[in-house]
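Here are my notes for you on this one. Have the model open while you read, and turn it around as you go.

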Amino acid sequence: MNREITALTERLAPASEAAVLRSLDAMQTAGMPMPQGIEPKKILAVYHYALCGVPACGLAAATQKLIRGDYAANANVLLGTIPKPPVLAALARAEALGMRAELARKRETVAALKPRETGRSEASRARVRARLDAFRQTHAAAKAAARTASAFATRENHHAA
């Protein structure tokens with residue numbers, strides 16, 4: 001389980017500048033032009049800034065879906081064009097949500113399986129054991145008294161008949 005958590009954590013690591021460059025290059029190779037209004041010299045810096053903190057796996061998934069045209073229903077995405085930096089960041093974050101949820105579930109599972117520290121002292125445990133023993137003795141005595149009374153009542157009824 002810990003290996004799976006480590007693998008998910010690594011996949012959810014923020015996208016590096018190299019990952020952003022690979023994503024933009026893949027979309028350009030697929031024939032998608034850059035959006036208008038961004039200076040060519042600053043494209044990588046602007047996209048890297050917008051994608052700061054966005055998981056690399058989300059960026060990779062969004063890039064694949066953009067190239068395949070899977071965002072046709074999204075009004076913010078112009079098919080056949082590389083999305084503007086904030087749109088690409090939003091798509092990448094949305095793609096990473098499922099993996100973040102899976103990581104959270106696995107962490108919760110590991111936490112639930114760990115023995116919990118009760119914080120109870122040995123003296124407290126000894127008091128509880130003593131009270132339990134006293135209860136058991138009282139309960140056993142009450143049961144014995146009830147049996148004796150029941151047997152006595154049965155004998156009385158039998159002799160009266």
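**Notes on the model**

1. Let's begin with burial. Of the 161 residues in the protein chain, 25% are buried. Keep in mind that what you're looking at is a predicted model.

2. Next, the building blocks. The protein chain has 6 helices and 0 strands. Reading from the N terminus, you go α-α-α-α-α-α.

3. Now the overall dimensions. What radius of gyration does the protein chain have? The value is 34 Å, whereas a compact globule of 161 residues would come in near 15 Å. The C-alpha trace tells you more: along its principal axes, the protein chain spans about 110 × 40 × 25 Å.

4. Contacts along the chain deserve a look too. Take the contacts in the protein chain with a separation of 6 or more: 79% of them are between residues 24 or more positions apart.

5. On to the surface. About 11,500 Å² of the protein chain is exposed, and 57% of that comes from carbon and sulfur atoms. As for charges, the protein chain carries 24 positive and 13 negative ones, and their mean positions sit 6 Å apart.

6. Time to zoom in on T63. You'll find T63 in helix α4, which covers residues 56-68. Is T63 buried or exposed? T63 counts as buried because its relative accessible area is 6%, and the cut-off for buried is under 20%. If you skip the neighbours within four places in sequence, T63 has contacts with S23, A26 and M27.

7. Follow one of those contacts to S23. The side chains of T63 and S23 make a polar contact at 2.5 Å. S23 belongs to helix α2, residues 17-29. With a relative accessible area of 6%, S23 is buried. Leaving out residues up to four places away in sequence, S23 touches L59 as well as T63.

8. For another setting, try T6. This residue, T6, is part of helix α1, which runs over residues 2-11. Why is T6 called partly exposed? T6 gets that label because its relative accessible area is 43%, and partly exposed covers what falls between under 20% and over 50%.

9. One last distance to check on your screen. T6 and G53 are 47 residues apart along the chain, and 18 Å separates their C-alpha atoms.

Notes: Residues are numbered from 1 along each chain as its sequence is written. This is a predicted model: local features need pLDDT of at least 70, side-chain atom pairs count only at pLDDT 80 or more; totals for chains, interfaces and linings use all residues. Side-chain values use heavy atoms; hydrogens and water are left out. Helices (H or I, at least four residues) and strands (E, at least two) are DSSP runs, numbered from the N terminus. Buried means under 20% relative accessible area, exposed over 50%, partly exposed in between (1.4 Å probe, protein chains only). A polar contact is a pair of N or O atoms within 3.5 Å; within protein, one must be able to donate a hydrogen and the other to accept it, and residues adjacent in sequence count only if both atoms are side-chain atoms. Contact means heavy atoms within 4.5 Å. The radius of gyration is taken over C-alpha atoms; the globule rule is 2.2 Å times the number of residues to the power 0.38. Accessible areas come from the Shrake-Rupley method with a 1.4 Å probe; for residues, only the protein chains shown count as cover. Lys and Arg count as positive and Asp and Glu as negative; His and the chain ends are not counted. The place of a charge is taken as NZ of Lys, CZ of Arg, CG of Asp or CD of Glu.
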